[in-house]
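Reader: Please take a close look at the site around the ligand. I would like to know what surrounds it and which parts of the chain contribute.

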Amino acid sequence: MLSRWPAAAIIQTDRLVLEPLRLDHAEEVEAALDDERLHEYIGGHPATLDQLRERYGRLVIGSSPDGMHGWCNWIARERASGLVVGTVQATLHGEPGCTTAEIAWVVAMPHQGQGYATESAAAMSDWLLRHGVDVLVAHVHPEHRASIGVARRLGMAPTGVIVDGETRWAR
Ligand SMILES: CC(C)(COP(=O)(O)OP(=O)(O)OC[C@H]1O[C@@H](n2cnc3c(N)ncnc32)[C@H](O)[C@@H]1OP(=O)(O)O)[C@@H](O)C(=O)NCCC(=O)NCCS
């Protein structure tokens, strides 16, 4: 059966290549994102390699088992070094004509502060809007200055909605 959700495709940016998530990305991602500091605002802890493999095994299918959600995930690879510098993700739901994507971004500590979150999330957002998504949503901790900066750069604005202590941003 054909999925009604778009399948993540390769996205090129000036400095990055966004590769649709594969199971064999787990090792590189684990090495890049194994840092408690990345969880200061989003909670939880770095995933182990086994946890990532299990998670990616589900995500690469591209939709939830009941078909109600589409899953588009990418790793961001720096062209110059070939290194994985982060990930971007979108969870899609809704109907044609009113499809919403909840988006999120992570950049490894050594690669932060260079605009990579903005560059990768903006490229993903443009791709989503060209592939049937109507509304972008992100949940951002109200004190997370860097993530607020990314959301603003994407043209999103804070809504009055708070979910689990995070502000819902939308565009
Ligand atoms: C949020 C995160 C992805 C930002 O990554 P990044 O590559 O450093 O972000 P960018 O370089 O694209 O910067 C984004 C904006 O935040 C600003 N910024 C970056 N670091 C900042 C900091 N420590 N304090 C204040 N502003 C900061 C930048 O100046 C930029 O704003 P500008 O475009 O107006 O100048 C990164 O901090 C991260 O991975 N955090 C952990 C995971 C997380 O919380 N993800 C958010 C889930 S929605």
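Author: In this predicted model, three elements each give at least two residues to the shell around the ligand: strand E5 (98-107), helix H3 (116-130) and helix H4 (145-153). Helix H4 provides the largest share, six residues. The shell has 20 residues, and those that come nearest to the ligand are Trp105, Gly113, Gly115, Thr118 and Arg153. By type, the shell around the ligand splits into nine nonpolar, nine polar and two charged residues.

Several contacts to the ligand involve backbone atoms of the protein. A polar backbone atom of Trp105 is 2.7 Å from a nitrogen atom of the ligand. An oxygen atom of the ligand lies 2.8 Å from a backbone N or O atom of Val107. For Ala117, a backbone N or O atom is 3.0 Å from an oxygen atom of the ligand. The ligand taken alone exposes 950 Å², of which the protein buries 71%. The space that the ligand takes up is the largest pocket.

Helix H3, one of the elements that supply the shell, also takes part in an aromatic pair through Trp127. The structure holds one such pair. Its members are Trp74 and Trp127, arranged edge-to-face, with 5.3 Å from centre to centre and 75° between the planes. Trp74 belongs to strand E3 (residues 70-78) and Trp127 to helix H3, so the pair ties together parts that are 53 residues apart in sequence.

Note on methods:
Residues numbered from 1 in each chain as written. Predicted model: local features only at pLDDT ≥ 70, side-chain atom pairs only at ≥ 80, totals over all residues. Heavy atoms only, no water. Near = heavy atom within 4 Å. Polar contact = N/O pair within 3.5 Å; in protein donor to acceptor, adjacent residues only side chain to side chain. Areas by Shrake-Rupley, 256 points an atom, 1.4 Å probe, with all protein chains shown as cover. 1 Å grid on protein atoms, 1.4 Å probe; cavity = no way out; pocket = protein on both sides within 12 Å on 5 of 7 lines; lining within 4 Å. Sits in = over half its atoms within 2 Å of the grid points. Helix = DSSP H or I, 4+ residues; strand = E, 2+ residues; numbered from the N terminus. Nonpolar A, V, L, I, M, F, W, Y, C, P; charged D, E, K, R; others polar. Phe/Tyr/Trp six-rings, centres within 6.5 Å; stacked < 30°, edge-to-face > 60°.
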